[in-house]
Amino acid sequence: MINTIELRNKPELKIILNNEEFEIIDASEPKNSGTYSFKKLINIELKEEKTNWFVSTLSIIVDFFTGVAVGGKLKDKANLNFEMENQNLIIWLIDVDFEKTKRVTQLLKDANSQI
C-alpha cells in the first residue's frame with residue numbers, strides 16, 4: 001500500500017504512506033521532512049485553527065488601559081502534531097486542504113493501530 005496525499009502545492013506538503021512507515025515532505029519546514037516508522041509513532045493529533053480567547057481578552061484589556069488599539073482576535077494556527085518515541089513534530093497547516101488533512105490523519109491512526 002503506497003498512498004500519497006498532497007496537502008499543499010506551494011510550498012509543497014505531502015505525506016506518503018507505505019506499509020510500515022510514512023514519509024513527510026515539508027518544503028516550508030525542511031526539518032520535518034523525513035521517513036518515520038509507524039512503530040515509533042505514539043500519537044497524532046490534528047489541531048484546527050481556533051481563537052485564543054484568553055490572549056485576545058488580555059490584549060483588549062491592555063489596549064484599554066494603554067490607549068493603543070492593536071488588539072483583536074488572536075488565533076492559534078492549525079497544526080498536525082506527531083508524537084514519536086524520540087521526537088515530536090509540528091507541521092503548520094497554512095493554506096492546506098483541510099479535508100485531505102483530516103483524511104490523512106485518520107489513515108495514519110488506522111495504519112498505526114494495525115502495526
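1. Start with a strand pair. In this predicted model, S1 and strand S2 (residues 13-17) run antiparallel and are joined by 5 bridges. One residue pair fixes the register: Ile-5 has Ile-15 in S2 as its bridge partner. Helix H2 (residues 98-114) packs on this sheet. H2 touches S1, S2 and strand S3 (21-26), and its direction makes about 145° with that of S1.

2. Now the sheet as a whole. It is open, has 4 strands, and follows the order S1-S2-S3-S4 with antiparallel pairing. Strand S1 (3-8) and strand S4 (34-37) are at the edges. Each has a single partner strand, so one side of each is left without a neighbour in the sheet. On average, neighbouring strands of this sheet are turned by 20° against each other, direction ignored.

3. There is another open sheet. Its 3 strands take the order S5-S8-S9, and the pairing is antiparallel. S5 and S9 are the edge strands, and each pairs on one side only. Here the twist averages 10° from one strand to the next.

4. Check the S8/S9 pairing next. These two strands pair in the antiparallel sense over 5 bridges. Asn-79 has Trp-92 in S9 as its bridge partner. H2 packs on this sheet as well, touching S5 and S8. The direction of H2 makes about 160° with that of S5. H2 thus appears in both packing descriptions, with S1, S2 and S3 in one and with S5 and S8 in the other.

5. Which residues touch the most other members of the largest nonpolar core? They are Ile-15, Phe-22, Ile-24, Phe-82 and Leu-108, out of 22 residues in that core. Several elements each supply at least two residues: S1, S2, S3, strand S5 (41-47), strand S8 (79-84), strand S9 (88-92) and H2. Ile-15 is also the bridge partner of Ile-5.

6. Phe-82 deserves a look. At 1% relative accessibility, Phe-82 counts as buried, the cut-off being under 20%. Its contacts, leaving aside neighbours within four places in sequence, include Ile-15, Phe-22, Ile-24 and Leu-108. Also among them are Leu-41, Asn-43 and Ile-44, as well as Gln-87, Asn-88, Leu-89 and Ile-91.

7. Aromatic pairs come next. The whole structure holds 3 of them. One is Phe-22 with Tyr-36, a tilted pair at 5.7 Å centre to centre with 35° between the planes. Phe-22 lies in strand S3 and Tyr-36 in strand S4, so this pair ties together parts that are 14 residues apart in sequence. Are these two residues buried or exposed? Phe-22 is buried at 0% relative accessibility, and Tyr-36 is buried too, with a relative accessible area of 11%.

8. Phe-22 has a further ring partner. Its ring centre and that of Phe-82 are 5.6 Å apart, with the planes at 20°, so the pair is stacked; planes under 30 degrees apart count as such. This pair links distant parts of the chain. Phe-22 is in strand S3 and Phe-82 is in strand S8, 60 residues apart.

9. Finally, the ring cluster. Which residues do the ring pairs link? Phe-22, Tyr-36, Phe-38 and Phe-82 are joined into a cluster. For inspection on screen, Phe-22 is a convenient place to begin: it pairs with Tyr-36, stacks with Phe-82, and is listed among the core residues that touch the most other members.

Note on methods:
Residues are numbered from 1 along each chain as its sequence is written. This is a predicted model: local features need pLDDT of at least 70, side-chain atom pairs count only at pLDDT 80 or more; totals for chains, interfaces and linings use all residues. Side-chain values use heavy atoms; hydrogens and water are left out. Two strands pair if DSSP finds at least two bridges between them. Axes are lines fitted to C-alpha atoms, for helices over the stretch in contact, and angles run from 0 to 180 degrees between N-to-C directions. Contact means heavy atoms within 4.5 Å. A nonpolar core is a set of buried Ala, Val, Leu, Ile, Met, Phe, Trp, Tyr and Cys residues joined through side-chain atoms within 4.5 Å. Buried means under 20% relative accessible area, exposed over 50%, partly exposed in between (1.4 Å probe, protein chains only). Rings of Phe, Tyr and Trp (its six-membered ring) pair if their centres lie within 6.5 Å; planes under 30 degrees apart count as stacked, over 60 as edge-to-face and the rest as tilted.
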